[in-house]
Amino acid sequence: MQNAERPTGYGRTSVILGWTIAVLATGMSLLTTRLPRTEKTSLLREDLRSWHYLIGILLFALVVWRLVKWVQERPMPAPAGLTPAGHRWARTLPFAVYLLLLLNAPVGFLQAQFEGLTVRLGPFATLPEVLASNHLGWQFFGYFHSAAGFVSLLLMTATVLTAAYLWLRRGVGLLRAFAPGFGVQAYCAFLNSVYALNSFKAPEPGVRAVIVALAISLAIWGLGAWLQRRRRESRRFGG
């Protein structure tokens, strides 16, 4: 019954989970950019860190559920216009990112424990300190946490580039080529990284860079829409 509800075969639960993960992951991306730019001893930094922990745990739970649905819904038919190879690649990208999210939550918790930080889940709860501070452990899990985030950023960038190619070549873009919510999640993460990489000294260059990225995206969308119209006209007139 679920596969009959949507042409792509995703059930309602998967759609809700995908978009919820996208919203939370976007929030996490924004927090990750803001957090290191605050004073190390400020209350604001502690508050942001507590929300970072809370969102991380929520993402962990939701990604576990999403991956269970992912396995249950296989095989997933390709959207109209997408080749089998393109569909496999478009499925591989979100699956890899979800695995990284799944892995990064416990790694981040261990990093905080070994660093001696108090793990507060927003204003709701404080987790007990179960591990003693350990500099070597903090370094190992800290580097691992950062590396996983960097790899995730590379995958998000690959997703945006893939979406641009598929839109121009196949007429299938961010919303249809990928699992529900993931295309928007990747695009928001990409824009946030563009801002972060250009705003170390001041926010203005970051804002300008985002505007340029949006303008390029709009140009690609317009070109893809024009190419689709040309293809339809060519098929209509037998060209």
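Which residues in α3 meet which residues in α4? In this predicted model, the α3 side of the contact is formed by Y53, G56, L59, F60, V63, V64, R66, L67 and W70. Their counterparts in α4 are R91, P94, F95, Y98, L99, L101, L102, A105, P106 and A112.

Two packed helices are described by the angle between their axes and the distance between the axes. For helix α3, which spans residues 43–72, and α4, the packing angle is about 140° and the axes lie 9 Å apart. Angles over 145 degrees count as roughly antiparallel, and those that fall in none of the named ranges count as oblique; α3 and α4 are therefore oblique to each other. The crossing of the two helices, α3 and α4, is left-handed.

Helix α4 (84–115) is also among the elements against which the buried residues of α7 pack, together with α2 (12–34), α5 (135–170), α6 (174–177) and α8 (203–236). Helix α7 comprises 16 residues, 182–197, and reaches 22 Å from its first C-alpha to its last, close to the 22 Å expected at 1.5 Å a residue. The helix is mostly covered, with 12 of its 16 residues buried. Aromatic F182, Y187 and F190 are among these buried residues, as are Q185, N192 and S193.

T26 is located in helix α2. Beyond residues up to four places away in sequence, T26 touches Q185 and C188, and Q185 is one of the buried residues of α7. The side chain of T26 also reaches the backbone oxygen of A22, at 2.8 Å. Between T26 and Q111, the C-alpha to C-alpha distance is 22 Å, across a separation of 85 residues in sequence.

Terms used:
Residues numbered from 1 in each chain as written. Predicted model: local features only at pLDDT ≥ 70, side-chain atom pairs only at ≥ 80, totals over all residues. Heavy atoms only, no water. Helix = DSSP H or I, 4+ residues; strand = E, 2+ residues; numbered from the N terminus. Expected span 1.5 Å × (residues − 1). Buried < 20%, exposed > 50% of the residue type's maximum accessible area, 1.4 Å probe, protein only. Contact = heavy atoms within 4.5 Å. Polar contact = N/O pair within 3.5 Å; in protein donor to acceptor, adjacent residues only side chain to side chain. Axes fitted to C-alpha atoms, helices over the stretch in contact; angles between N-to-C directions. Parallel < 35°, antiparallel > 145°, perpendicular 65-115°, else oblique. Left-handed = near helix turned anticlockwise from the far one by under 90°.
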